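Reader: I'm new to reading protein structures, and I'd love a close look at one part: the place where the ligand sits. Could you walk me through what is around it, and then show me a little of the rest?

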Amino acid sequence: MRIIFLGPPGAGKGTQSERICKDYNIVQLSTGDILRANRNLGTDLGKKAQSYMDSGALVPDDLIIEMIRVELKNPNLANGYILDGFPRTVPQAEALDKLLQELGQELDTVLVLEVPNEELLKRLTARRICRICGKSYHLIYNPPKIEGTCDVEGGELYQRDDDKEEPIMNRLKVYEAQTMPLIEYYSKKNLVDKINGVGEIDFIYNQIQAVLNKYI
Ligand code: AMP
């Protein structure tokens, strides 16, 4: 199964992707996670991406497209994948179309997770991430068992620099201006399935399962 996961920052794409991957035996490809790993390793790509990421702006399309071109050829994606955080612009979506054509692959669905801005702001400012495995928590809705510590890895939980108020506002604006046009782009291809992203994690996941089970 091949899925694109669209939705504003903080909509819960990462949390839901984790469950989807387990249940449908596919792999999550998060461009944000790959970029953060590159930053931690101090690669050229990581250095180039840093200032854009910190301000909540998008990393230039050419860097992202090159990165995804390499990633999509990974043999561990043979059983399918979920693209989380990519594409984010129309040129990225067009480049992905070309890549998929080259690889002889087709998408099953574009899931669009819908959450209003006030709710996103509440979620993002209280989000904390494990330094080791990247698992995300919410201080109120989904707290770790031990404060400040990941349940899985025991790693320290930290707040992403771009999860502070100013970069968040910028990321929400960027989503509306650059990524929302993709809903129209994929609607024209009849690929969009909208999901109500407000409520309990299980409630949201049940809707996702109902959609994905159509494509098995
Ligand atoms: P995320 O973890 O998906 O919220 O991404 C964090 C940051 O990484 C974004 O605010 C961008 O600066 C950058 N980023 C991630 N994915 C992309 C993409 N597809 N295109 C451009 N920038 C991206």
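Author: Start with Thr31, where a polar side-chain atom lies 2.8 Å from a nitrogen atom of the ligand. Keep in mind as we go that this is a predicted model. The backbone takes part as well: a backbone N or O atom of Ala57 is 2.6 Å from an oxygen atom of the ligand, and a polar backbone atom of Gly85 is 2.9 Å from a ligand nitrogen atom. Taken alone, the ligand exposes 480 Å², and the protein buries 96% of that.

Now let's step back to the whole shell. The ligand is surrounded by 16 residues, and the closest are Thr31, Arg36, Ala57, Gly85 and Gln92. Sorted by character, the shell holds seven nonpolar, four polar and five charged residues. Helix H2, which covers residues 31–41, supplies the largest share of the shell, with four residues.

Next, have a look at a strand. In a regular strand the side chains alternate between the two faces of the sheet. You can follow this along strand E8, residues 192–196: Asp193 and Ile195 point to one face and are buried, while Val192, Lys194 and Asn196 point to the other face and are not buried. E8 also has a partner, strand E4 (residues 109–114), and the two pair in the parallel sense over five bridges. If you want a spot to find on screen, look for Glu114, which stands opposite Asn196 in E8.

Just before that strand there is a loop to visit. Asn190 lies in the loop between helix H8 (181–187) and E8. Asn190 counts as exposed because its relative accessibility is 72%, over the 50% cut-off. Try tracing from Asn190 to Gly154: they are 36 residues apart in sequence and 43 Å apart in space, C-alpha to C-alpha.

Finally, what about the cysteines? A disulfide is a covalent bond between the sulfur atoms of two cysteines. Counting pairs of cysteine sulfur atoms within 2.5 Å gives zero disulfides here. Cys130 is in no disulfide, and its nearest cysteine sulfur, that of Cys150, is 3.8 Å away. Cys150 is likewise in no disulfide, with the sulfur of Cys130 as its nearest. Cys130 counts as buried because its relative accessibility is 2%, and Cys150 is buried too, with a relative accessible area of 3%; the cut-off for buried is under 20%.

Definitions and conventions: Residues are numbered from 1 along each chain as its sequence is written. This is a predicted model: local features need pLDDT of at least 70, side-chain atom pairs count only at pLDDT 80 or more; totals for chains, interfaces and linings use all residues. Side-chain values use heavy atoms; hydrogens and water are left out. A residue is near a molecule or strand if one of its heavy atoms lies within 4 Å of it. A polar contact is a pair of N or O atoms within 3.5 Å; within protein, one must be able to donate a hydrogen and the other to accept it, and residues adjacent in sequence count only if both atoms are side-chain atoms. Accessible areas come from the Shrake-Rupley method with a 1.4 Å probe; for residues, only the protein chains shown count as cover. Ala, Val, Leu, Ile, Met, Phe, Trp, Tyr, Cys and Pro count as nonpolar, Asp, Glu, Lys and Arg as charged, and the others, Gly among them, as polar. Buried means under 20% relative accessible area, exposed over 50%, partly exposed in between (1.4 Å probe, protein chains only). Two strands pair if DSSP finds at least two bridges between them.
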